[in-house]
Amino acid sequence: GPIMQNFIYFVDTNLHKFNTPEYVTLIDRFISQTQARGEEILHYPKADMDRLKELFNQLQNNVARSMALAETPELVAMDAERSTLGQYIITTVRNSQNLPIKAKAEAAKQLYAVLRAYVGFYNQPAPQKTATIDGMLLDLSSPEIQDHVTTLALGEYIESLTLKNAQYKVKVEARTTARAALHSVTDSATLRLEMDALYKYITTLAFAHNVVTPSEDIAQYIVTINAIIGEANSSYNQRMAAKTERGKGKTENSVETGNGEVSPEGSEPSEPSDESEE
């Protein structure tokens, strides 16, 4: 009788389990392999491939934006630097009032009258602190006290504080813009749902054509895509194993929060903003 054909299947994988970096790598490789074989051989509609590429670009933009949002340690460091500089200026002026050099002591008294209002400024919340430092710098820039500033050699420190506060403002502004942009774009989870569907459709068409009219090219393509999925799976498994290791090291009462650690799928794939998913 007729010989049964041995069909070659695509490995079935749950795309949802991958975190964003794993997913981005997988889809990137899928797109390039699929386009390399071409629509003539694989029979996918060009419009569907174009759509998948468009969604892929949006997902990459989301990843880039969320990296920009994660730059808070830099802000914390800048905030500490400006606090230190401001404190140094105030402390120097306060202590210089007792100097045995009359000109310096006099300059310090005049300046301290201006700076007294800013003592303890560093205890304020960051946004308020920004405005307070601006006020302090404005007071220190008034023409009538410039001689005193020069006498106590504070120019360089005032300049540094001006620069540091300006950089801080720019950084905060950039982060606010990035946050706003992130809310206006399609979130990654939604993008991925449509991308998953397109992946499924393109691979199903290729498989179906290989069943009806067996082709060495399509068979090779299926083997290649399966290898790519295999690599994504082992990267996922390594990450899960590392997570389990980390979990063992934790004390009994420490509870993982907001990390999707509870779900059997592993980490929540939708947002790449999770620090643990570099």
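This is a short tour of one pocket and a few salt bridges, to follow in your viewer.

Before you click, note that the model is predicted, so local features need pLDDT of at least 70 and side-chain atom pairs count only at pLDDT 80 or more, while totals for chains, interfaces and linings use all residues. Residues are numbered from 1 along each chain as its sequence is written, and side-chain values use heavy atoms, with hydrogens and water left out.

**Stop 1: the pocket**

Select Tyr 9, Phe 10, Val 11, Asp 12, Thr 13 and Leu 15, then add Asp 196, Tyr 199, Lys 200, Thr 203, Thr 204 and Phe 207; together they line the largest pocket. A pocket here is an open set of points on a 1 Å grid over the protein atoms alone, where a 1.4 Å probe fits, with protein on both sides within 12 Å along at least five of seven lines; lining residues have an atom within 4 Å of a point. Its volume is about 250 Å³, taken as the space filled by probe spheres set on the points. Colour the lining by class and you get 6 nonpolar, 3 polar and 3 charged residues. For that split, Ala, Val, Leu, Ile, Met, Phe, Trp, Tyr, Cys and Pro are nonpolar, Asp, Glu, Lys and Arg are charged, and the others are polar.

**Stop 2: salt bridges across the chain**

A salt bridge means a side-chain nitrogen of Lys or Arg within 4 Å of a carboxyl oxygen of Asp or Glu. The count comes to 12.

Pick Arg 37 and Asp 217, which pair up at 3.9 Å, N to O. This pair ties together distant parts of the chain, with Arg 37 in helix H1 (residues 20-37) and Asp 217 in helix H10 (residues 216-249), 180 residues apart. Helices are DSSP runs (H or I, at least four residues), numbered from the N terminus. Arg 37 is partly exposed at 24% relative accessible area, the band between buried (under 20%) and exposed (over 50%), using a 1.4 Å probe on protein chains only.

Next, select Glu 74 and Lys 171, whose closest N and O atoms are 3.6 Å apart in a salt bridge. Here Glu 74 sits in helix H4 (residues 72-96) and Lys 171 in helix H8 (residues 155-184), 97 residues apart. Glu 74 is partly exposed at 36%, and Lys 171 is too, at 21%.

**Stop 3: a small network**

Add Glu 194 to Arg 51 and Glu 54: salt bridges with shared partners join these three into one network. Zoom in on Arg 51 and Glu 54, with closest N and O atoms 3.1 Å apart. Both lie in helix H3 (residues 46-69), 3 residues apart, or about one turn.

Notes
Helices (H or I, at least four residues) and strands (E, at least two) are DSSP runs, numbered from the N terminus.
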